Amino acid sequence: MRSNYLVFGQPLIEQPEIDEVIGCMKSAWLGTGPKAAEFERRLAAYKNVPYAVGLNSCTAGLHLACVVLGLQPGDEVITTPMTFCATVNAIVHAGATPVLADVDPVTMNIDPVQVKAKITKRTKALLPVHFAGRACDMDALMAIARQHDLKVIEDCAHAIETEYHGQKAGAIGDLGCFSFYSTKNIVTGEGGMVLTRDERLAKRTKMMGLHGMSADAWKRFTDDGYKHYDVEEIGFKYNMMDLQAAIGLHQITRIEGYWQRRLVIWQRYMREFADLPITLPAPLPTDERHALHLFILQIDGARCGVTRDQMLMKMHKQNIGTGVHYRSVPSLSVYRRRFGWKPEDYPNAQAIGDRTLSLPHSAKLTDDDVTDVIAAVRQALGA
Ligand SMILES: *Cc1c(COP(=O)(O)O)cnc(C)c1O
């Protein structure tokens, strides 16, 4: 058994970002400034989208996306029950009503057939999540959106590298929201970004993310002297710091290298677990790019002899940290109370939520770490 604990979702932090953060601290420019602007330009260029707004989280981005699209109380937004609570909370914070449509059991992504069944005359937007990094069926979702005049917000927290039929995730709908939280494919500690092709939405996102003020605070003092600011709307305090961007500027240069490393780990897991009585991730799509964010096993107690929860404990006792992505949203108490949702009404999400277990899968893992994870999985299953 390994001697030290393998923490789930550890980021790989390298010397250039450490130096950049120190440089940032020495420059005494910690808040939103030139580095945040540079990081915005870099992600926009990577995604080939004209506008990007750096924020302090993807959750903030999802909230702002709902706000700038003008969602109002009574408006319904259809999203997935197989996501992090932040996706649903953002809709609620904007004053709109979340509506869930069950997922496809194989891709674990929102099922367009279920989406269609949930459309009412109050439906205003779709909020698909590219789960684990696999693109949603965007052709079908965008066709539904066009037909019913709906806005589309893509939750790309798992999907920096995701491409779908030649399009980049986050550049397909009206707005794409990205996360640089510590466990994501590239990190800034906490951090997020909204991408859009729409200049008006970009400007309003930027403004609403900084109190509703008309111009960046960091631009107020120019060579010509002081310029008065105005507050045009009641906004939020969601801006990204240069300290965060200092990390992201270097992480973003390694997107491809980190992805290649996760591909090697992914393929090794697929080979080494092929004989086990567990469900492995669906084969990678050939006409899309999967971001390989989460490597998910499904543990069915009847088939495996151990339940998912027992498996979590067995892995923990072998010093391997694992994750649960996710408990289905309707199984969480606040949503049951507030919206009356029942887990059994979303049977595919419920089945995944009860069986899902994510293995360590970051670029930080050494080959020995991966060997330890494989040994622990086999041991836990008595294989
Ligand atoms: C991580 C995550 C978020 C929230 O991202 P933050 O940057 O932590 O706010 C939203 N949606 C999904 C699917 C996520 O995995």
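Which residue forms a salt bridge with E161, and how far apart are the closest N and O atoms? I pulled that up before anything else, keeping in mind that this is a predicted model. The partner is R262, and the closest N and O atoms are 3.0 Å apart.

**Entry 1: the domains**

I looked up the split next. The protein is divided into domain 1, residues 15-254, and domain 2, residues 255-380. Taken over C-alpha atoms, the two centres are separated by 25 Å. On the contact list I find 39 residues from domain 1 and 36 residues from domain 2.

Then I checked the area. About 3,300 Å² is buried between domain 1 and domain 2, and carbon and sulfur atoms give 62% of it. I also asked which three residues of domain 1 supply more of its buried area than any other three. They turn out to be R134, E161 and R254, with 19% of what domain 1 buries against domain 2. So E161 shows up twice in my notes: in that trio, and in the salt bridge with R262. For salt bridges between domain 1 and domain 2, my count is one.

**Entry 2: aromatic pairs**

I searched the whole structure for aromatic pairs and got nine. I wrote down F39 and F180, a tilted pair with 5.0 Å centre to centre and 55° between the planes. Why does this pair tie together parts that are far along the chain, 141 residues apart in sequence? Because F39 lies in helix α2 (residues 34-47), while F180 lies in the loop between β8 (175-179) and β9 (192-196). Both F39 and F180 are buried.

F339 and W341 went into the notebook as well. Their ring centres are 4.7 Å apart and their planes are at 25°, so I logged the pair as stacked; the cut-off for that is under 30 degrees. Are the two partners buried or partly exposed? F339 is partly exposed, at a relative accessible area of 26%. W341 counts as buried, at 9% relative accessibility.

I also noted one aromatic cluster, formed by W266, Y269, F273 and F295.

**Entry 3: charges over rings**

Last, I looked for charged ends over rings and wrote down two cases. R289 has its charged end over the ring of W259, 3.8 Å from the ring centre. K168 has its charged end over the ring of Y46, and there the distance to the ring centre is 5.4 Å.

Note on methods. Residues numbered from 1 in each chain as written. Predicted model: local features only at pLDDT ≥ 70, side-chain atom pairs only at ≥ 80, totals over all residues. Heavy atoms only, no water. Phe/Tyr/Trp six-rings, centres within 6.5 Å; stacked < 30°, edge-to-face > 60°. Helix = DSSP H or I, 4+ residues; strand = E, 2+ residues; numbered from the N terminus. Buried < 20%, exposed > 50% of the residue type's maximum accessible area, 1.4 Å probe, protein only. Lys NZ or Arg CZ within 6 Å of the ring centre and 35° of its normal. Domains from an automatic or database assignment. Contact = heavy atoms within 4.5 Å. Buried area = accessible area lost by both parts, 1.4 Å probe. Salt bridge = Lys/Arg side-chain N within 4 Å of Asp/Glu carboxyl O.
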